[in-house]
Amino acid sequence: MLKDLVLKNRSYRRFFQDTPVSLETLKELVDLARLSASGGNQQSLKYILSCEPLKNTAIFHTLSWARLLEGWGGPKAGERPSAYIVILHDKEISPNYFCDHGIAAQTILLGAAEKGLGGCMVGAIKKEDLKKALNLADRFDILLVVALGKPREKVVIETVGADGSTKYWRDSQDTHHVPKRALKDIILG
């Protein structure tokens with residue numbers, strides 16, 4: 001059922017780094033994105049796949065993790081993603097990428113969840129540093145990085161409390177809690 005897959009697809013930020021994700025799996029996930037909707041059917045997205053430790057390290061150091069978790073600098077060695085998909089916009093195909101990167105990233109993450117993997121869309125990127133590390137031509141803009149691997153943490157959905165805060169947090173057992181607004185609170189009319 002799709003709802004079960006959506007519930008399984010959380011933003012994981014800690015992984016079993018030594019559990020590999022194959023290049024073939026990454027290609028399968030990008031193929032799902034390729035088959036998804038594209039604004040004006042421009043299909044201007046391109047992808048860089050990484051499941052090699054050296055390349056993963058270069059990507060990792062250009063990312064910022066979980067801004068709302070004060071004092072947490074991101075996953076430590078051994079808990080880092082074992083793969084990444086960098087989503088790019090090819091400006092030579094189209095000047096616009098519309099919302100294609102969001103569609104692609106969500107599709108990739110749903111496919112990953114179906115395969116027993118987890119991931120996180122990361123938009124806080126030192127883009128110039130990553131562009132240099134990946135030796136990207138100027139025609140490409142970095143839009144998102146999707147971090148992937150076998151999840152090492154438990155993520156649970158909570159109902160937003162009376163204070164209205166949607167700030168995620170971790171408890172003393174290191175369970176990651178994500179408050180979600182109630183359905184009745186987001187449908188108007």
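Start with the salt bridges: this predicted model has twelve of them. Here are three pairs to select, then a network, and finally a histidine.

**Stop 1: Lys115 and Glu28**

Select Lys115 and Glu28 and show their side chains. They form a salt bridge, with 2.5 Å between the closest N and O atoms. Now colour by secondary structure: Lys115 sits in the loop between helix H4 (100-114) and strand E3 (118-122), while Glu28 belongs to helix H2 (residues 23-34), so this pair ties together parts that are 87 residues apart in sequence. Switch on a surface, and you will find both partners partly exposed: Lys115 has a relative accessibility of 40%, and Glu28 has 34%.

**Stop 2: Lys167 and Glu70**

Next, select Lys167 and Glu70, whose side chains meet in a salt bridge with an N to O distance of 3.2 Å. Both ends are in loops: Lys167 is between strand E5 (155-159) and strand E6 (169-170), and Glu70 is between helix H3 (53-60) and strand E2 (83-90), so the bridge ties together parts 97 residues apart in sequence. Keep the surface on for this one. Lys167 is partly exposed at 36% relative accessibility, whereas Glu70 is exposed, with a relative accessible area of 69%.

**Stop 3: Glu79 and Arg152**

Move on to Glu79 and Arg152, another side-chain salt bridge, at 3.9 Å from N to O. Glu79 lies in the loop between H3 and E2, and Arg152 in the loop between strand E4 (140-149) and E5, so parts that are 73 residues apart in sequence are tied together here. Is Glu79 buried or exposed? Its relative accessible area is 12%, so Glu79 counts as buried. Its partner Arg152 is partly exposed, at 39%.

**Stop 4: a network**

Now select four residues at once: Arg14, Glu153, Arg170 and Asp174, which are linked in a network of salt bridges. Leave Glu153 and Arg170 displayed, as both return at the last stop.

**Stop 5: His176**

Finish on His176, in strand E7 (residues 176-180). With a relative accessible area of 0%, His176 is buried, so try hiding the surface or clipping the view to see it. Which side chains join His176 in polar contacts of 3.4 Å? One is that of Arg13, and another is that of Arg170, the residue you met in the network.

Expand the selection around His176, leaving aside neighbours within four places in sequence, and its contacts include Leu69, Glu153, Lys154, Val155, Val156, Tyr168 and Trp169.

Technical notes:
Residues are numbered from 1 along each chain as its sequence is written. This is a predicted model: local features need pLDDT of at least 70, side-chain atom pairs count only at pLDDT 80 or more; totals for chains, interfaces and linings use all residues. Side-chain values use heavy atoms; hydrogens and water are left out. Helices (H or I, at least four residues) and strands (E, at least two) are DSSP runs, numbered from the N terminus. Buried means under 20% relative accessible area, exposed over 50%, partly exposed in between (1.4 Å probe, protein chains only). A polar contact is a pair of N or O atoms within 3.5 Å; within protein, one must be able to donate a hydrogen and the other to accept it, and residues adjacent in sequence count only if both atoms are side-chain atoms. Contact means heavy atoms within 4.5 Å.
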